Amino acid sequence: MTKNFSQTAAFIWSVADLLRGDFKQSQYGRIILPFTLLRRLECVLEETKAAVVAENQRIADMGLPEEAQEKFLIRASKRPFYNTSPMDLSKMGQSDIKDNLNTYVQSFSKDAREIFEHFKFEEFVGQLADANLLYKVVRMFATTDLSPEKISNHEMGFVFEELIRRFAESSNETAGEHFTPRDIVRLTTSLVFMEDDDALTKDGIIRTIYDPTAGTGGFLSSGMEYVLELNPDAVMRTYGQELNPESYAICKADMLIKGQEVNNIKLGNTLSSDQLAGEQFDYMLSNPPFGVDWKKISGEIKDEHEQKGFDGRFGAGLPRVSDGSLLFLMHLLSKMRPITTNEQDDSNGQNSNQGSRIGIILNGSPLFTGGAGSGESEIRRYILEADLLEAIIALPTDMFYNTGIATYIWILSNKKAAERRGKVQLIDGSNLYSKMRKSLGSKRNEMSDDDIKTIIKSFGDFEVVDARVLDKPEEVKSNRGRQAANPKAEPAKTFASKIFATHEFGYRRITIERPLRLSAQLSDDAIETLRYAPKPFDMVMPALYEKFGNHWTDADDNANYGDLSAVTLEARALIKADFSELKEKQIKDVLDAKIWQDQLEIMNKAKALQAAIGENQFDDFNEFEKVLKQALKDTDASDDMSLDAKEKKQLLDAITWKNPEAEPVIKKAVKVESPLYGVFSYKPTNSNKPAKIVEFQTDSDLRDYENVPLNPEVTTTELIESYFAREVQPHVPDAWINTDKTDAIDEEVGIVGFEIPFNRHFYVYEPPRPLQEIDADLDAVSAEIMQLLGEVHS
């Protein structure tokens with residue numbers, strides 16, 4: 001056997017050739033993975049196997065309690081697990097192999113035995129026996145050397161990852177949900193731990209590491225390896241929770257082999273059922289699933305948010321239900337150890353004032369999704385205002401097995417170094433990669449040790465790095481098809497780092513209003529539209545009237561107006577064919593004569609008002625309202641011309657329209673002028689009357705929003721007023737700031753928002769190609785087309 005993990009995994013996966021035909025492809029992994037684990041555990045225990053069997057025989061007749069027996073056997077095993085059976089895979093004969101194998105597995109200690117239960121191992125053993133394949137599978141694994149001398153724990157992690165990837169591909173599952181590529185694991189782990197290198201080398205160090213999306217345990221293993229390389233005497237305690245049973249079983253087995261307390265590895269949904277509630281950790285690492293919705297658990301999440309607030313995990317806010325990435329980030333923040341001034345050690349032998357560090361991998365969405373006041377923005381606001389974010393690192397695309405999208409590492413801490421306080425470092429590492437010789441799923445790129453060191457050094461130096469060109473080979477382009485005569489030069493691959501104050505990602509979103517300007521005219525066409533009710537009847541009633549109502553007269557006393565009883569079937573057929581969106585109740589309403597007669601009454605009132613007012617166009621709605629009010633009063637004295645609020649609204653909607661040349665519509669008169677906030681001194685055009693101080697009605701169609709960058713050195717009032725005077729007022733003099741829109745937290749005008757426009761900060765302008773080159777390419781293409789056409793005609 002070779003140490004190459006890919007070849008080892010390929011050899012193990014060749015068991016699938018035996019299974020083909022008797023098992024579905026989706027079942028291959030559920031057989032191969034537990035057998036691989038079984039063989040690995042067996043190889044790990046081989047050195048002390050005889051001692052454990054002998055010890056088990058010695059204490060068998062002592063009548064000791066189970067716990068006492070376990071202590072004797074663990075001491076003999078020199079591992080936190082054991083197997084008391086004298087058998088192993090190589091000693092199982094062909095007869096009774098099913099019972100022998102099940103007995104062998106049951107001879108493991110409890111924690112190891114439980115791992116196989118999650119794989120439903122006994123069930124698949126029975127199926128293999130029924131298919132006469134069990135002996136062949138057992139023999140194949142018995143000859144596979146998975147001992148620690150041949151394959152280290154680190155390499156074994158690669159083997160499991162490769163097996164899971166193959167399993168996911170064969171069953172159309174998502175491999176990336178179960179594990180993170182090891183190059184990304186190394187980078188993230190180093191970024192999280194490196195700031196504490198000095199502390200981690202001290203004697204008697206005890207630290208905890210946690211992964212809420214543990215997968216197969218890659219982050220937990222990497223964290224342990226990092227610390228133990230610095231300090232072999234350090235004690236690392238691992239904690240984690242995983243949703244997928246197979247991944248959980250592998251993670252638990254890995255931790256078991258490494259001597260960890262496997263009861264700290266939990267199975268279940270971290271967000272809806274936190275099985276380590278109340279626990280706090282020194283280091284946290286996570287690669288949560290990208291863009292996975294949380295609709296199924298929304299009840300539990302919303303309840304915790306509303307009932308517990310900041311006493312729970314999700315007090316800052318809730319992201320949209322289509323992407324739960326930020327929920328995992330808030331979950332991690334809730335697990336941070338607080339910083340205190342107490343230098344006494346806590347019960348775990350740790351300094352209680354040491355705080356925590358977090359590394360989490362997210363896609364681009366959490367950087368900017370959601371405007372001011374949204375759940376995502378409020379979460380970013382909480383993180384930045386609490387000064388928890390140290391850095392964000394942009395990774396190359398095509399780094400993960402299940403997606404090629406852009407991804408980012410967020411590094412967070414509540415114990416920032418003095419020079420980092422109030423600041424955030426953005427590192428563009430998107431070009432630090434090399435092409436893989438062979439893609440693994442969507443993973444086509446990988447980061448070399450030098451690439452990782454470049455990012456780590458930049459993070460450690462905490463300095464601005466202007467975009468510098470990397471020594472990277474150019475991308476190999478396809479030479480298929482026609483090549484441009486003057487191909488566009490590829491942009492240089494660069495690396496850069498920038499540092500920002502936390503407030504630079506914040507803004508205050510102010511609402512800009514403008515006055516409503518209306519013209520009005522009681523024209524025949526406008527009045528005719530009142531024959532029909534507004535939505536949802538504004539389309540169906542004209543169609544019914546055209547087909548069935550042309551004989552109706554408009555007299556108020558016309559009792560037959562709107563009567564469709566004689567043509568109900570035909571009318572229903574028309575509605576079903578052309579207006580299928582109408583519900584049954586709406587169909588019944590539109591077929592009832594009452595709705596038609598109500599509209600006729602409104603239309604005839606409008607005609608009466610037209611007779612009193614005339615058909616002139618009013619470009620001052622304030623004046624028109626006075627004329628309308630007087631006309632209603634005058635005509636009401638002789639006829640029943642009163643209009644209720646609903647009828648008046650429908651009338652005005654029909655006879656008015658927005659006109660930028662019209663006078664603004666007055667809402668009310670006030671006493672104190674304040675133009676910035678919508679209180680103006682106003683006098684109508686061509687009017688000799690004195691000016692009045694008024695507020696105008698707002699035009700929702702002209703409403704706009706401005707994002708004013710935060711500046712902690714000035715007051716909110718000064719901030720928004722200076723911005724408005726500089727950026728808005730010169731262009732729209734009649735605009736004003738809406739003071740009703742205030743922030744829920746600071747209660748000042750405008751709503752605070754935060755976003756991290758990563759790509760915008762690292763964008764490098766690329767000038768377009770010269771027109772001469774483009775023209776030359778077009779000429780060449782045209783000539784080629786003409787030549788081809790000539791060949792066709794000839």
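By class, what residues make up the lining of the largest cavity? Hold on to that one for a moment, everyone, and thanks for coming. A quick word before the answer: what you see above is a predicted model.

So, the answer. The lining of the largest cavity has six nonpolar residues, four polar ones and three charged ones. That makes 13 lining residues, and those nearest the centre are Asn153, Met156, Gly157, Phe160 and Asp254. If you'd like to find the place on screen, look for helix 3 (25-45), helix 10 (153-170) and helix 14 (245-257), since each of these supplies at least two residues of the lining. The volume of this cavity comes to about 100 Å³. Searching the whole structure turns up three cavities of 30 Å³ or more.

Now let's go from cavities to pockets. The largest pocket holds about 860 Å³ of space, and 31 residues line it. Nearest its centre you'll find Asn431, Pro491, Ala492, Lys493 and Thr494. Three elements give two or more residues to this lining: strand 11, strand 12 (494-501) and helix 28 (758-762). Helix 28 has the largest share, with four residues. For those of you thinking about chemistry, the pocket lining splits by class into 17 nonpolar, eight charged and six polar residues.

Strands 11 and 12 bring me to the sheet. Picture an open sheet of 10 strands with mixed pairing, in the order 3-2-1-4-5-7-6-8-12-11. Which strands stand at the edges? They are strand 3 (265-267) and strand 11 (465-469), and each has a single partner strand, so one side of each is left without a neighbour in the sheet. On average, neighbouring strands here are turned by 15° against each other, ignoring direction.

Let me zoom in on one pair. Strand 1, residues 206-211, runs parallel to strand 2, residues 235-242, and the two pair over six bridges. Within that pairing, Asp211 stands opposite Gly240 of strand 2.

One last stop, and it's a single residue: Asp196. You'll find Asp196 in the loop between helix 11 (182-193) and helix 12 (197-200). Is Asp196 buried or exposed? Its relative accessible area is 10%, and the cut-off for buried is under 20%, so Asp196 counts as buried. Leaving out residues up to four places away in sequence, Asp196 touches Tyr283, Arg357 and Lys415.

That's my tour, friends. Happy to go back to any part of it.

Methods:
Residues are numbered from 1 along each chain as its sequence is written. This is a predicted model: local features need pLDDT of at least 70, side-chain atom pairs count only at pLDDT 80 or more; totals for chains, interfaces and linings use all residues. Side-chain values use heavy atoms; hydrogens and water are left out. Two strands pair if DSSP finds at least two bridges between them. Axes are lines fitted to C-alpha atoms, for helices over the stretch in contact, and angles run from 0 to 180 degrees between N-to-C directions. Buried means under 20% relative accessible area, exposed over 50%, partly exposed in between (1.4 Å probe, protein chains only). Contact means heavy atoms within 4.5 Å. On a 1 Å grid over the protein atoms alone, a cavity is a set of points where a 1.4 Å probe fits but cannot get out, and a pocket is an open set with protein on both sides within 12 Å along at least five of seven lines; lining residues have an atom within 4 Å of a point. Grid points are joined across faces, edges and corners, and a volume is the space filled by probe spheres set on the points. Ala, Val, Leu, Ile, Met, Phe, Trp, Tyr, Cys and Pro count as nonpolar, Asp, Glu, Lys and Arg as charged, and the others, Gly among them, as polar.
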